[in-house]
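The exercises below are meant to be worked with the sequence and the coordinates open side by side. Try each task before reading the solution that follows.

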Amino acid sequence: MRLKLDTHAALSLAGWLAASALFFPIAWMLLTSFKTEIEAVATTPSLIFTPTLDNYITVQERADYLKFALNSVVVSFGSTLLALALAVPAAYGMAFFPTKRTRGTLLWMLSTKMMPPVGALVPVTLVFRDLGLIDTLAGLIFVYALINLPIVVWMLYTFFREIPREILEAGRMDGATPLDELRFLLLPLSLPGLASTGLLAVILTWNEAFWSLNLTAAQAGPLTAFIASFSAPEGLFWAKLSAASTMAVAPILVFGWLSQRQLVRGLTFGAVK
Amino acid sequence: MRKTIAATLMAGFTSFGATIAAAETLTIATVNNADMVVMQKLSPKFKEKTGIDLNWVILEENVLRQRVTTDIATKGGQFDVVTIGAYETPIWGKQNWLASLDDLGDSYDYKDVIEPVRNMLTVNGKLYAAPFYAESSFTYYRKDLFAQAGLTMPEQPTYTDIKKFATALHKPADNQYGICLRGKPGWGENMAYVGTLVNTFGGRWFDMDWKPQLTSPEWKEAVTFYVDILKNYGPPGATSNGHNENRALFSSGNCAMWIDATAAAGHIYNPAESKVADKTGFAKAPVAKVENGAGWGWAWALAVPNSSKKSDAAKKFIAWATSKDYVTLVGETQGWVSAPPGTRKSTYDNPEYKKAAPFGETVLKAILAADPTHPTAQPVPYAGIQFVAIPEFQGIGTQVGQSVAAALSGQSTVDQALQSAQTAVERTMKQAGYIK
């Protein structure tokens, strides 16, 4: 009994340590955002200082936070919905009607994630230029849906595979069309999986910085572009950058906390049979 | 009568045309330096005057370079005004990527623009970017610490003096370091400083046949001096200190000396940003053996990419933002010490500026001395004092910067570092076709 208690304590200690290590950068960023620029770069960083809101005021004065934030929301949710709409039928097909090429197709899809994005920068820019998509929200939604598609398909595929075929077959016996199967059986049954896939796609899009910086100018820039605009080659910027970053991660952090239960449930869905 | 109608119609059309032009919107890409933030803040005045709307895109320096390069190369036409430096301007101008800015009008007073700065931004007699603010490098030192130790900083220090002062004023136990210098690897970070050091030790990046000279005795002597002084009399962890980090160290009172950009003087002199505002003195960039290229030359400038479809309006904006009137506007609204430095002679003749910025004269002298056409004592095939104005230099400079940082941190010896740098640069120059 005693031993069991000790293991338990050790495990929770390890858990707390890991969590603190992961949370440290965010906590430090939050702390830095309340310092002055000089304090922010001090060589022996101080934990005790007079907090100031100046950085937040300066950031708000110079850039329209709400516009960037709204772009981020539209782009991350829009691209996630589009990716889900494309991925659900694809994963359904692959999970329930596999052919000998299914595995290969899945791997091939994933292989597109292995190329560094800058390799596709010029072609994508040219296509976007000709279609008039540069610096538009529609363009970003499109590009992010494509980028996240492999991951979304993979995740949905694994979730769908956990669903007993018999349930779908029973539905078919009752005369359900494939669309009915999707709507009334598959989607409700895999809702946790669907939700966690969607959440992951939203978070990935929210944090993506390469395409959002390269395909936007003055109109469609999301929060990643907002953060990047606060670094400076000449001049101190850590405190203002931290304030901007805090403002940028706050919504998604809150969103993550609220949906934590759903996320964990989704990720472990089907882990134990 | 008919004539009058025609005239009225004409006038009507012209004013109609003018309203169309006035409804234009320009997209300006820039960096987040303090002077650019002021430009953005004051830009409503430009709109008041011309009716032209402005969209601002503020990017990190390297992202800006990449973004603008992609846009120009693919003729995306996203940007009408871009902020570039003295490094890109000659390269992009030669590529025909930028519109020439020789037609900004008589009132622009080109002769008032400081000549070496104008030269930095001119290719084949054409000005391709208008300087927004410009800088050289010089020596910042702590008058109070020098007085306490009974030392005097000469107007033109030598590197022997600098070493003597650094030794005397290095008190790491009190968090006071003899000298702060750039150590963070990067072509625009440690290599900007090391480049000037090599110049004044008599060295050069390439000979007239584009053969890299990194293993020459001059480079060895310069880098050995740099590693020695910064390792022994500099702050700990110097390899992570760039311009900004050193600026913070100096303004919090941790450095007795700092050799860096003149553009920081206004900030060091500002009590809101610095604890040493009233204790800082300024001297020329130190020399070792020759005077050529001892202090660098750099300009942040505004240019119009050839892909812009609104180049007339864009030029109007540039003419406004780099004019004498703009300098006065900043002086009167933000305080004269914040006036953009280094671009116009008239700024330095202005009594108000002289009063607010006592370092002005030293800065002007440094900028006038930074002659981009004679960067080194020996002849070179390139332009640029602390950089080489060829597209390959970003990669080369950063790679050599990493070798130099490795020597500074003790991971390799100076000889090893320079040898590996030489091999790498030779390879790049061969691949690029400069040497066989």
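**Exercise 1.** Which residues of chain A does UniProt list for "domain: ABC transmembrane type-1"? Describe the span, and then the chain that holds it.

*Solution.* The model is a predicted one. Start from the record: the unreviewed UniProt entry lists residues 69-259 of chain A for this domain. Next, consider the span itself, in which helix makes up 75% and strand 0%, while the C-alpha atoms at the ends of residues 69-259 of chain A are 19 Å apart. Then turn to the whole of chain A, whose secondary structure consists of 14 helices and zero strands. Its C-alpha atoms occupy a box of roughly 70 × 70 × 30 Å along the principal axes. Of its 273 residues, 36% are buried, and among the contacts in chain A with a separation of 6 or more, 78% join residues 24 or more positions apart.

**Exercise 2.** How many residues does each of chain A and chain B bring to the contact? Break down the side of chain B.

*Solution.* Begin with the counts, which are 31 residues from chain B and 26 residues from chain A. On the side of chain B that touches chain A, α2 (34-50), β2 (53-58), α3 (61-73) and α10 (243-251) each provide at least two residues. The largest share of that side, seven residues, belongs to α10(B). Sorted by class, the side of chain B that touches chain A comprises 13 nonpolar, 13 polar and five charged residues.

**Exercise 3.** Is Gly202(B) buried or exposed? Locate the residue and list its surroundings.

*Solution.* First place Gly202(B) in the loop between α8 (190-200) and α9 (217-233) of chain B. Then apply the cut-off, by which a residue is buried if 20 or more other C-beta atoms lie within 10 Å of its own; Gly202(B) has 20 such atoms and is therefore buried. Leaving aside residues up to four places away in sequence, Gly202(B) touches Glu218(B), Lys289(B), Val290(B) and Ala377(B). Finally, compare sequence with space: Gly202(B) and Glu291(B) are 89 residues apart in sequence, yet 8.7 Å apart from C-alpha to C-alpha.

**Exercise 4.** Why is helix α12 of chain B described as largely enclosed by the rest of the structure?

*Solution.* Take the helix as residues 311-321 of chain B and count: eight of its 11 residues are buried, and α12(B) is therefore largely enclosed by the rest of the structure. The buried residues include Phe317(B), Ile318(B) and Trp320(B), and also Lys315(B) and Lys316(B).

Note on methods. Residues are numbered from 1 along each chain as its sequence is written. Chains are lettered from A and ligands numbered from 1 in the order in which they are written. This is a predicted model: local features need pLDDT of at least 70, side-chain atom pairs count only at pLDDT 80 or more; totals for chains, interfaces and linings use all residues. UniProt positions are given in the numbering used here, feature names are shortened, and annotations may be inferred rather than shown by experiment. Helices (H or I, at least four residues) and strands (E, at least two) are DSSP runs, numbered from the N terminus. A residue is buried if 20 or more other C-beta atoms lie within 10 Å of its own, exposed if 12 or fewer, and partly exposed in between; C-beta atoms are placed from the backbone. Two residues are in contact if their C-beta atoms, placed from the backbone, lie within 7 Å. Ala, Val, Leu, Ile, Met, Phe, Trp, Tyr, Cys and Pro count as nonpolar, Asp, Glu, Lys and Arg as charged, and the others, Gly among them, as polar.
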